[in-house]
Amino acid sequence: MSAEPLDRSIDRRAFLARAAVLATASAAGATVALPSVAAAGTPRSTASDTRRREQALNRPNAYVQPRPEALADPTELTIAEAAWLIRAGRLTPQRLVEAYLERISAYDGIYQAFNLVLADAALAAARDAGRRPRRGALHGIPLAIKDNYYTEGVRTTANSFLFQDFVPPYDATAVARLKAGGAIVLGKTQMGPLATTRATTPAGVVTTVNAWAPTNRGVDPGGSSTGTATSVAGRMATSGIGTQTGGSITAPSNAQNLTGLKPTMGRVSAAGVIPLTYSRDHPGPLARDARDAAIMLTAMAGEDPADPRSQGLPDVPNLIDAATPVFHRNRVKLRWNTRIGVLPGFANGTSATALARQAYLAQLAAIPGVTLVDVPLPDEWSVLTGGTFNNIRLPERSEPFMPYLRSDLRGFGVSLTSWLQGALMGGNEFITGQRAKLVLMERVLGDLFDACDVVVQTDPVPFDILGLPEIAFPIGSTAAGLPIGTILGGLPYAEDRLLSVVAAYQAVTDWHHRRPADPPASAARMRVDEAPRLTAEQVAELTQ
């Protein structure tokens, strides 16, 4: 049995104090010094973080012998499986990249997951990777990058008129760390305009489809990391990265049968990511299973001098081992005994989602080490997490964009409304909302988590407000064959605990191995004048 995960030793009051400073100083951005949550005297340096990542990405559990059914098609492989083949000399990075580029060429005209494919650069990087010593499990692995991450010398638009010609001079920290681990960037993916809704054009015309229903644009693919989700689900990238401010990693992961991990606020640097809400922007991976999510987060996480949100935090735990199932006498058991909190009404009813949740809870309960605990919602939950207080995020997105708001409103396209709402919100409302956030934080950390270690979620927004980690993963499907997913939320910096639960669940189920059928040969890219369009009112209602 491994040592208890980090969440047992975290000073919750320290996390609360840090949240208080961030809440009151969000407009000041990167100039704010936040209280440390790490133990006093913990050494910090970029070099030590780099060494940690290199060592962690080369741990034995980062490599998995491929499933027999995955050997025939490299695009079916998980990161860990592809890494095993590359290490064994049975697959080259160039062949892996070529396989994905073939699928992109064949199907992305229908999926519209990418807004820019870097075919020549990806092939050159793959050939170079084939000549270099391996750097770990990400060596030669092709990834999809959401288009709000800076990519050096490559256009980064955030799918917006405002940034349509922006070419960053450097990579976002998360992208730089993935590339340093040997990963290869296949391209930039479609997203909601300025990270607001499902992927549309800046004018609101729907683009990217759900890979599980490619001919029906009415099926929600999840937003705003839509393109990344569709690229991974449609087997056009091994894994990818997105951002979450109000459900934009967990929602598309649930919609498209992926395992998406939104880490604790600050666990991954947001430096070099076009901002949406300073105190709520979370970079994270959208992957095929818990182990792949752990590999991605291991590469991305760690302190960054360019982002104060990432500084003074506890060390990144051993995520890859945490995401490796534990067996006792050929039976899966939890790595750590874990109380899983179940909220009132979570599995009530007879809908496909309710039945999937009932089966999911039963499967969890059968795993040794799991204890299901009924937990009540904290007092005034609906008020503290409702629209009135949730809208205090809006001034944070308006403040850095004020020069644009003063000069040309047309640059915001269909997503303008929430920026105007933020610019017009009164100071009293903002301050009251920040106080409400701290009350919510106290009740979640002090009441809810006294009874459990992780908790089921029906809505990602409350934990996005608080900056707490969440993991989304598949648990079933509808009669129409569309994925059904769920979310678990955890304590600050307890990504390892969340990964351990999902790894055990995925060891006894196969939902995460299921892939959508390829689009029919008769399918074709929908013309702009035929595609549905979101109105400004719809975007305002759906925006994260």
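Is phenylalanine 412 buried or exposed? With a relative accessibility of 2%, phenylalanine 412 counts as buried, because buried means under 20% relative accessible area. Keep in mind as you read that this is a predicted model.

**A cluster of rings**

Let's stay with that residue and look at its surroundings. The structure holds 16 aromatic pairs. A pair of aromatic rings is described by the distance of the centres and the angle of the planes. For phenylalanine 401 and phenylalanine 412, the ring centres are 6.1 Å apart and the planes stand at 65 degrees, so this pair is edge-to-face. Phenylalanine 401 belongs to the loop between helix 14 (394–398) and helix 15 (402–407), while phenylalanine 412 belongs to the loop between helix 15 and helix 16 (416–424), so the pair ties together parts that are 11 residues apart in sequence. Phenylalanine 401 counts as buried too, at 3% relative accessibility.

Both rings are members of a cluster. Ring pairs link Tyr150, Phe163, Phe166, Tyr170, Phe401, Tyr404, Phe412 and Trp419. You can follow Trp419 into helix 16, where the buried residues are Leu416, Ser418, Trp419 and Gly422. These buried residues pack against helix 14 and helix 15.

Trp419 has a charged partner as well: the charged end of arginine 397 sits over the ring of tryptophan 419, 5.5 Å from its centre. Elsewhere, the charged end of arginine 87 is placed over the ring of tyrosine 63, at 4.0 Å from its centre.

**Two helices side by side**

Now turn to a pair of helices. Two packed helices are described by the angle between their axes and the distance between the axes. Helix 9 (residues 290–300) and helix 19 (residues 495–507) have axes that come within 9 Å and cross at roughly 155 degrees. That makes helix 9 roughly antiparallel to helix 19. On the helix 9 side, the contact is made by Ala290, Ala293, Ala294 and Leu297, and on the helix 19 side by Glu495, Leu499, Val502, Ala503 and Gln506. What kinds of residues make up the contact of helix 9 with helix 19? They divide into 7 nonpolar, 1 polar and 1 charged.

**Buried residues in strands and a covered helix**

Strands have buried residues to explore as well. Threonine 486 lies in strand 13 (residues 483–490) and counts as buried at 2% relative accessibility. Leaving aside residues up to four places away in sequence, threonine 486 touches Asn254, Phe346, Tyr360, Gln457, Ile471, Ala472, Phe473 and Ile475.

Isoleucine 184 is in strand 3 (residues 184–189), and this residue is buried, with a relative accessible area of 3%. Which residues does isoleucine 184 touch, not counting residues up to four places away in sequence? Its contacts are Val97, Ala122, Ala125, Ala126, Gly140, Ile141, Pro142 and Leu143. Isoleucine 184 and alanine 144 are 40 residues apart in sequence, yet 8.8 Å apart in space, C-alpha to C-alpha.

Next comes helix 7 (residues 226–233), which is mostly covered: 8 of its 8 residues are buried. These are Thr226, Gly227, Thr228, Ala229, Thr230, Ser231, Val232 and Ala233.

**Unusual backbone angles**

Most residues other than glycine have a negative phi, and most peptide bonds are trans. With that in mind, look at the ends of helix 7. The loop between strand 3 and helix 7 contains serine 224, and the peptide bond from glycine 223 to serine 224 is cis, with omega near 0 degrees. After helix 7 comes arginine 235, whose phi is positive, near 55 degrees.

Two further residues have a positive phi although they are not glycines: arginine 329 and tyrosine 493. The table sets them out.

| Residue | Phi | Location | Relative accessibility |
|---|---|---|---|
| Arginine 329 | about 55 degrees | loop between strand 7 (326–328) and strand 8 (331–333) | 76%, exposed |
| Tyrosine 493 | about 65 degrees | loop between strand 13 and helix 19 | 0%, buried |

Arginine 329 counts as exposed at 76% relative accessibility, whereas tyrosine 493 counts as buried at 0%. The loop that holds tyrosine 493 runs between strand 13 and helix 19. You have already met both of those elements: strand 13 contains threonine 486, and helix 19 is the partner that helix 9 meets in a roughly antiparallel arrangement.

Notes:
Residues numbered from 1 in each chain as written. Predicted model: local features only at pLDDT ≥ 70, side-chain atom pairs only at ≥ 80, totals over all residues. Heavy atoms only, no water. Phe/Tyr/Trp six-rings, centres within 6.5 Å; stacked < 30°, edge-to-face > 60°. Helix = DSSP H or I, 4+ residues; strand = E, 2+ residues; numbered from the N terminus. Buried < 20%, exposed > 50% of the residue type's maximum accessible area, 1.4 Å probe, protein only. Lys NZ or Arg CZ within 6 Å of the ring centre and 35° of its normal. Axes fitted to C-alpha atoms, helices over the stretch in contact; angles between N-to-C directions. Parallel < 35°, antiparallel > 145°, perpendicular 65-115°, else oblique. Contact = heavy atoms within 4.5 Å. Nonpolar A, V, L, I, M, F, W, Y, C, P; charged D, E, K, R; others polar.
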